[in-house]
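Let us walk through this structure step by step, beginning with a single residue and ending with the whole protein.

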Amino acid sequence: MLELDDIEATIEGVTVLRDSNVDVGETESVAIVGRNGAGKTSTFRTVMGLRDLDHGTVTFRGEDITDYETYKRKRLGIGFAPEDRQLISKLTARENIEMSLWGSDDESDIDADERLSMVLDVFPAMEEFLDRAAGKLSGGQQQMVAVSRALVSQPELLLLDEPFEGLAPGIKKDLRESIETVRNDLGTSVFIAESQLSHVRGVVDRLYVIERGEIIAETDDPASIEEDEKLMEIVGGG
């Protein structure tokens, strides 16, 4: 579904991605794990067209989208929940979510209530604070809204940047279950960036380890990472 081939990127002369090769398959859940500043967010920004490439290609469903603008990638079926959530604090949770539907190609044909019902099936707890201002929500509640905003447009691929960061253990458990619902019930592929292996253990089918902008390991067996002392220094034990 998604392929990043030999991508390289720099920021103000500093290389942030080095010949990286990453792919996410149909209805697959994949993680990219590494320290802060390792290149996880740059990888996601590359997928969304928010980071220019010096080299390489981004392909989605067999189509080269390397030069596509961000809005077109979204319309093709890529949803993105950024690390900082980027919610509008004065708008309600409902308004923040439905905002994702504005300007869609098929906006006139979209049933907003039906779409909202779909995300409530994934996050049923959200119903109690839908009409509350986003700025008055807890961190866990805001994360639900941010993921729902990306999900409401029914993407085929959902990117989640550090979704578990700063959440209480109980909220993390609920979010893991919701991610499984997204993949298993909605058939959506999920690509997660996290700083610790413990956050994605049991959630993903495969994972990549990134260090200084370079993919240094790929596996479908997290136990193999846990047995490697050097890799565990990077991804943490949690």
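Arg 212 is exposed, since its relative accessible area is 66%, where exposed means over 50%, buried under 20%, and partly exposed in between, with a 1.4 Å probe and protein chains only. This residue sits in the loop between E9 and E10, and it has a positive phi of about 55 degrees although it is not a glycine. The model is a predicted one, in which local features need pLDDT of at least 70 and side-chain atom pairs count only at pLDDT 80 or more, while totals for chains, interfaces and linings use all residues. Residues are numbered from 1 along each chain as its sequence is written, and side-chain values use heavy atoms, with hydrogens and water left out.

Most residues other than glycine have a negative phi. Gln 154, which is not a glycine, also has a positive phi of about 55 degrees, and it lies in the loop between helix H5 (139-151) and E7. With a relative accessible area of 44%, Gln 154 is partly exposed.

Both loops lead to strands of one sheet, an open sheet of six strands in the order E6-E7-E8-E3-E9-E10, with mixed pairing; two strands pair if DSSP finds at least two bridges between them, and helices (H or I, at least four residues) and strands (E, at least two) are DSSP runs numbered from the N terminus. Strand E6 (78-81) and strand E10 (214-219) stand at the edges with a single partner strand each, so one side of each is left without a neighbour in the sheet. From one strand to the next, the twist averages 20 degrees, with axes being lines fitted to C-alpha atoms, for helices over the stretch in contact, and angles running from 0 to 180 degrees between N-to-C directions.

E6 runs parallel to strand E7 (residues 157-161), and four bridges join the two; here Phe 80 stands opposite Leu 159 in E7. Helix H1 (residues 40-47) packs on the sheet, touching E3, E6, E7, E8 and E9, where contact means heavy atoms within 4.5 Å, and its direction makes about 145 degrees with that of E8. Helix H6 (residues 169-184) packs on the sheet as well, touching E3, E7 and E8, and its direction makes about 150 degrees with that of E8.

Turning to the whole protein, its secondary structure comes to nine helices and ten strands, and 50% of its 238 residues count as buried. Among contacts between residues at least 6 apart in sequence, 68% join residues at least 24 apart.
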